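Please open the structure in your viewer and keep the selection tool at hand, as this tour moves from one selection to the next.

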Amino acid sequence: MTENKARTRGRVRAAFAEAGVTGWLHAVDIDSGAQLDAGADQPVVTASVHKLCLLVALHQQAEAGRLDLSEQTTCPPRDRTPGPTGLAAMLDDVRLSLRDAAYLMMAVSDNTAADLILERVGLDAVNHTTRRLGLTRTHAVHTFREFLTLLKEDTGPGGPEALADPRVIAGLRVLDPAATNRSTPRDMTRLLTAIWRDEACAPEHTAAMRRLLGLQVWPHRLASGFPFDDVHVAGKTGSLPTVRNEVGVVEYPDGGRYAVAVFTRAASPAAVLPPADAVIGAAARIAVDALRAGRG
């Protein structure tokens, strides 16, 4: 089995190299605990993947009776956290529940919705949640508004166009795991496993979280590796200049369940880089296929 793991790890790293990225992966069979890794303990920037930690914290707070998921919040158009989706892109006053804000946060990665939840939950609660679940290398440093402010400061007067300059990219604090929201691939699969095994919260809450992860609208990363009608993929992406990530769970009709976390950094600063997106699904498929072969 050790030889097979080494061979699989080599195939994953070769796929990353061919796509022009540096990548780190961890995959685990949720039921047997069998696992495969390629740099699973590498500190990585989570970007919007950290919204998964916030989702778990929200449900833990609800389970403890500190908030009600149906609680209503009003979001005026002024001072919204920037972003291209959801509330961040809307022009008028919006009133919605915390649970519906969580839907927007997970399905379309809405930054405004995430910060609405953070205002109610707090960064300390997010970090308490990850510590409680044993995610010792996962930490939330700032809100998504603060995160984007940091990115804007480091980009400088050149604005978004400056992100085509490798020298600007090299100076971005949001790309330094020591300075921003961070985790490791292994920590993220541990979190997903806790959600799928009903260990993160009571079953009614973990079921609600699994539902939201299954509603993500983008299939071009993790799900692209599993193009089958009877295989279900639920996940959360995260993106930054040169960074493309996704963590999620792949479920087969025979009952097999596999948590996968893939984090990548591209050599090219191009905003549109299809091979870098696709290799997330390709690498995950290599790992999951190997885990499934080992089941027999």
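The stops below cover two pockets and one pair of packed helices. Bear in mind throughout that the model is predicted.

Begin with the largest pocket, whose volume is about 1100 Å³. Select Leu148, Leu151, Ser239, Leu240 and Pro241, which are the closest to the centre of this pocket among the 37 residues that line it. Then add helix 6 (144–155), strand 7 (232–240) and strand 8 (243–251), each of which supplies at least two residues of that lining, with helix 6 giving the most, 8 residues. If you colour the lining of the largest pocket by class, you will find 17 nonpolar, 14 polar and 6 charged residues.

Next, turn to the second largest pocket, which has a volume of about 200 Å³. Here the selection to make is Asp79, Arg80, Leu116, Glu119 and Arg145, which lie nearest the centre of a pocket lined by 13 residues. Showing helix 4 (residues 111–121) brings up the largest share of this lining, 5 residues, while the lining as a whole divides into 4 nonpolar, 3 polar and 6 charged residues.

Finally, select helix 8 (residues 185–196) together with helix 9 (residues 203–213), whose axes are 8 Å apart and which pack at an angle of about 120°, so that helix 8 is oblique to helix 9. Display the side chains where they meet: Leu192, Ala194, Ile195 and Trp196 from helix 8, and Thr206, Met209, Arg210 and Leu213 from helix 9. Sorted by class, this contact comprises 6 nonpolar, 1 polar and 1 charged residues.

Technical notes
Residues numbered from 1 in each chain as written. Predicted model: local features only at pLDDT ≥ 70, side-chain atom pairs only at ≥ 80, totals over all residues. Heavy atoms only, no water. Axes fitted to C-alpha atoms, helices over the stretch in contact; angles between N-to-C directions. Helix = DSSP H or I, 4+ residues; strand = E, 2+ residues; numbered from the N terminus. Parallel < 35°, antiparallel > 145°, perpendicular 65-115°, else oblique. Contact = heavy atoms within 4.5 Å. Nonpolar A, V, L, I, M, F, W, Y, C, P; charged D, E, K, R; others polar. 1 Å grid on protein atoms, 1.4 Å probe; cavity = no way out; pocket = protein on both sides within 12 Å on 5 of 7 lines; lining within 4 Å. Points joined across faces, edges and corners; volume = space filled by probe spheres on them.
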